Number of protein chains: 2
Amino acid sequence: MSVLTLKARAGADDVDALMREIGRQARAAARRMALVSGQQKDRGLRAAAAAIRAAAPAILEANRADLTEARAKDLPAATLDRLELTPARVEAIAAAVEAIAGLPDPVGRRLAAFERPNGLSIERIATPLGVVGVIFESRPNVTADAGALCLKAGNAAVLRAGSESLRSAAAIAAAMTEGLVAEGLPADAIQLVPTRDRAAVGAMLSGLDGCIDVIVPRGGKNLVARVQNEAKVPVFAHLEGICHVFVHAAADLAMARTIVRNSKLRRTGICGAAETLLVDRACASTHLAPLVLDLLEAGCAVRGDEATRAVDPRVTPASEADWRTEYLDAVIAVRVVEGLDAAIDHIETFGSHHTDAIVTHDTGAAERFLAEVDSAIVVHNASTQFADGGEFGFGAEIGIATGRMHARGPVGVEQLTTFKYRVHGSGQIRP
Amino acid sequence: MSVLTLKARAGADDVDALMREIGRQARAAARRMALVSGQQKDRGLRAAAAAIRAAAPAILEANRADLTEARAKDLPAATLDRLELTPARVEAIAAAVEAIAGLPDPVGRRLAAFERPNGLSIERIATPLGVVGVIFESRPNVTADAGALCLKAGNAAVLRAGSESLRSAAAIAAAMTEGLVAEGLPADAIQLVPTRDRAAVGAMLSGLDGCIDVIVPRGGKNLVARVQNEAKVPVFAHLEGICHVFVHAAADLAMARTIVRNSKLRRTGICGAAETLLVDRACASTHLAPLVLDLLEAGCAVRGDEATRAVDPRVTPASEADWRTEYLDAVIAVRVVEGLDAAIDHIETFGSHHTDAIVTHDTGAAERFLAEVDSAIVVHNASTQFADGGEFGFGAEIGIATGRMHARGPVGVEQLTTFKYRVHGSGQIRP
């Protein structure tokens, strides 16, 4: 969509009518996209990446306008940082689109095949989901990442950028569309909602008359909570990542120290960062102090139960609220628990079913933990920060989901597909 | 649950509080069920089947009371037939539960496994969905079928029977629970909602404070529409089965006649019954008349376009409404279309994404139809009436879903599971 189209559309009074039109266009584009070959999709994505590179000056100019307005509104420094593009960041956006082009085509995979005694041959074949609605906030790169992932899986995308990043997102979307169209893909395969009117979000959550099949929110907890509460279509998301590391009685201390530090502190702002450390009472006398002192010395605030506070005066008291808090910061809650069952019980009571790890050399204890902790990702003797589509080998992810349907854990291109059954007969009728 | 408990509970004024309690009990039961071995589940199901047989007199007595009340209310004959149990039907219910016990355990299957370059080994393992809410109408056997399927997949079930079948359903549920408990399974693994108050349905659709993971409606279109519109949790269902048979130019006439008759008339009341016949203009001069006369002679009413009406005066005019109608009766809409593209376009415009078939010996045309028709089940040279979990080899099904998430097509025990990622490390941290 050109910037001119964007302006003309943004003038429309009737946001609902605009959104319905976007929905119809997306559905039509999805029908075409579902039939495009993997090669053509990849050519389109590479052309989109080239067009982003070529449009870098226009993208950076649009971004400067967004930044000027954001500064005038005194938005927080973290928002400004997420919003800001540099030549290096634009290059990274283009490279990410090319990387998605290089992934295997997830559409058409034969997920299952079986013969029936009557000679019917039945296959389960991966097909695109249809139309994916993505609602995001200040990071303009989501335009390209999410759009490219949806398109790689044969879907059409309807992207709603945060109002502070609309100009930047529009410039990126316009470049991508130029590349896609040059390779014969539908101009509406990736549509950016061209208005800041918040009613557009409500329209997307209602499903646009059945024209949106799934919604992916990309942003903070408030956004995800609103989407989960209001969406009338399925949502791929996680509300929180209250991830735990449980250091079991049979944990090697050196391994536990490394895993706990990495799980908490490698990056504190990501959903796979650990928020609570549980230490088995049986090894607390040897393991608790080194684990806590490591964290304190690395600059992490520690909130602990009585046993943990006894380790060091810098440990402040933890209340029940701490067990339920996703700090997303250099803060950790620490609790000594009475063995494996108590650890599992704590995680099932206070966790968010995202990613939880056990450190132990007791295989039986590990197996029980992996079986009984009901989270999308359960980890034995490794960092919780591996909760990531790239680390899983999915190439890229649109997010991590904790729902129980379909997409669960990292949502990569395979998870942006569904399937159909293809039944091959030779005249069979049912008796 | 005993009949006494049932009565005591039904007296509760606060349906919401009752339903929340049922939800909490279901969640607790689901946590236990998720860890039960396949053998124990199967022993429980066999004991439940034996208990149903042993309780046949009580079940039949409860059913007589339901029938007496239903007759006094002048319910339609079809409802009375669905409601009525006989000794043979009770035996069939018990046998169906035993058949479900004999299926392979869907929990714990390794759906995928991959090694990462850093040595992490990641598995995707099937796990139970959690708590399944089933809302049904007059068929008491759904109590056993749905309960057993949910339980086989390691779930807890909350069953809401139609008010006309509540006594029958309660007697069956009580027997099943007796069998399950005797084998050490939780008494709340299968709970029947013990009140006729319609507020109970609304409570289930709200998800019972996060205690219901998915809803399966089993009944007519009004029930499914209400559930799809109001449910705040995922729904496995299809609203309609507007299934098509397209007789392509390259169809063998004898095969087409057999498949059309079977697709429409084998059973007219099931969701996989064909509702519309599309005939390619290119073969209409040879194929249309025999196909239409077959149907008329078999007692099927035919509503057709102009070309079809020219075949026989008994053909009445079809309007656009007919293309959108699921007759569930011996009625068919017939239209002559201009080739494969027009057939696909008709199906995408008027269909319900359930099951659609092409009859042709042109492999290329069949491949295009299977690729481009966006339905849960697409069929080449066979009857649409194969749209059934049993016919797919799933053993039994709780229904057929047309959604784009997770369960699509026949929903058997595998589709009543989700998965988790199990990550096995040896101390890996993320760089």
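**Notebook: chains A and B of a predicted model**

I looked up Asp74(B) and found that its relative accessible area is 69%, so I recorded this residue as exposed. The model is a predicted one. I placed Asp74(B) in the loop of chain B that runs between helix H4 (56–72) and helix H5 (77–83). I noted that Asp74(B), although not a glycine, has a positive phi of about 60°.

**Second aspartate, chain B**

I then asked whether Asp312(B) is buried or exposed. I entered Asp312(B) as buried, because its relative accessible area of 10% falls under the 20% limit. I located Asp312(B) in a loop of chain B, with helix H13 (306–309) on one side and strand S10 (316–317) on the other. Setting aside neighbours within four places in sequence, I listed Leu293(B) and Leu296(B) as the residues in contact with Asp312(B).

**Leu328(A)**

I checked the backbone of Leu328(A), which is not a glycine, and recorded a positive phi of about 50°. I found Leu328(A) in the loop that links helix H14 (320–323) to strand S11 (331–337) in chain A. I classed Leu328(A) as partly exposed, its relative accessibility being 37%.

**Ala342(A)**

I assigned Ala342(A) to helix H15 of chain A, which covers residues 339–350. I entered Ala342(A) as partly exposed at a relative accessible area of 26%. I also looked up the separation of Ala342(A) from Asn141(A): the two are 201 residues apart along the chain, and their C-alpha atoms are 42 Å apart.

**Chain A as a whole**

I recorded 16 helices and 16 strands in chain A. I asked why chain A can be called as compact as a globular protein of its length. The radius of gyration is 24 Å, close to the 22 Å that the globule rule gives for 431 residues, and the description therefore holds. I noted that the C-alpha trace spans about 70 × 65 × 35 Å along its principal axes.

I found that 59% of the 431 residues of chain A count as buried. For contacts in chain A between residues at least 6 apart in sequence, I recorded that 72% join residues at least 24 apart. I entered an accessible surface of about 15,700 Å² for chain A, with 51% of it belonging to carbon and sulfur atoms. I listed 47 positive and 52 negative side chains in chain A, the centres of the two sets lying 6 Å apart.

**Domains of chain A**

I copied the domain assignment of chain A as domain 1 (3–236 + 413–421) and domain 2 (243–386). I recorded 37 Å between the centres of domain 1 and domain 2 of chain A, taken over C-alpha atoms.

Conventions. Residues numbered from 1 in each chain as written. Chains lettered and ligands numbered in written order. Predicted model: local features only at pLDDT ≥ 70, side-chain atom pairs only at ≥ 80, totals over all residues. Heavy atoms only, no water. Helix = DSSP H or I, 4+ residues; strand = E, 2+ residues; numbered from the N terminus. Rg over C-alpha atoms; globule rule 2.2 N^0.38 Å. Buried < 20%, exposed > 50% of the residue type's maximum accessible area, 1.4 Å probe, protein only. Contact = heavy atoms within 4.5 Å. Areas by Shrake-Rupley, 256 points an atom, 1.4 Å probe, with all protein chains shown as cover. Lys, Arg positive; Asp, Glu negative; His and termini not counted. Charge placed at Lys NZ, Arg CZ, Asp CG, Glu CD. Domains from an automatic or database assignment.
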